Amino acid sequence: MKKEDCYLLGKITRRHGLAGNVILKLDTDQPELYKKLDSIFVEINGLLVPFFIEKSSWSKLDALNIAFKNSSEALVDQSLGKSVYLPLTSLPVLTGKQFYYHEIIGYEIFDEQDNSCGIIRSVNDQTAQNYFVTNLDGKEVVIPLIKDWILEVNREERFIKMQIPEGLIDVFLVPSKKDE
């Protein structure tokens, strides 16, 4: 399994108890979708290694207590502090205006008047306000990811139409004038 064919599910943060269990901290808005995992891929030395799950239970709202099949101290030690991945094929298909961040990389953003606001290079979800980072005319443009602003997601033609406030794009493209 290649990393580019997977998505980050979370991280194994610590041991739990004496039976060789670990805590998997999930990085998702919908942790309930991951209650019944059969296997996960743990990144060890740059490779994705399959780990098979014997049983799991909730530790907290966003953390699973996991027991691996054929678990050993060495296996548990190898997994601690490591990122956990699942295949992209395991994600449910989204429709309408819903999308996964990884799927829209390369999409073009248009405003209501069909003016281009750039090609999406990345989505920053590490701040309180998530935002698109686009490239327009060789300049970086930042567009807040606000669900109410999204009017259409066209997967066939790879674009997103948004209601963008007047002047937002100009902040990044028009040179500022010094006050006199």
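Select C117: this residue is buried at a relative accessible area of 2%, where buried means under 20% relative accessible area, exposed over 50% and partly exposed in between (1.4 Å probe, protein chains only). Next select C6, which is also buried, at 9% relative accessibility. The structure holds zero disulfides, a disulfide being a pair of cysteine sulfur atoms within 2.5 Å.

This is a predicted model, in which local features need pLDDT of at least 70 and side-chain atom pairs count only at pLDDT 80 or more, while totals for chains, interfaces and linings use all residues. Residues are numbered from 1 along each chain as its sequence is written, and side-chain values use heavy atoms, with hydrogens and water left out.

Go to residues 116–124, strand β8 (strands are DSSP runs of E, at least two residues, numbered from the N terminus). Strand β8 pairs with β7, residues 108–110, in the antiparallel sense over two bridges; pairing requires that DSSP finds at least two bridges between the strands. E108 has I119 as its bridge partner.

Widen the selection to the open sheet of six strands, ordered β10-β9-β8-β7-β12-β11 with mixed pairing. Its edge strands are β10 (139–144) and β11 (150–154), each paired on one side only.

Now select residues 63–68, strand β5, where six of six residues are buried. A63, N65 and A67 point one way from the strand, and L64, I66 and F68 the other way.

Add β4, residues 47–60, which is antiparallel to β5 over six bridges. Two residues separate β4 and β5 in a hairpin, and I53 stands opposite F68.

Finish at β2, residues 21–26, joined to β5 by four bridges in antiparallel fashion. V22 has I66 as its bridge partner.
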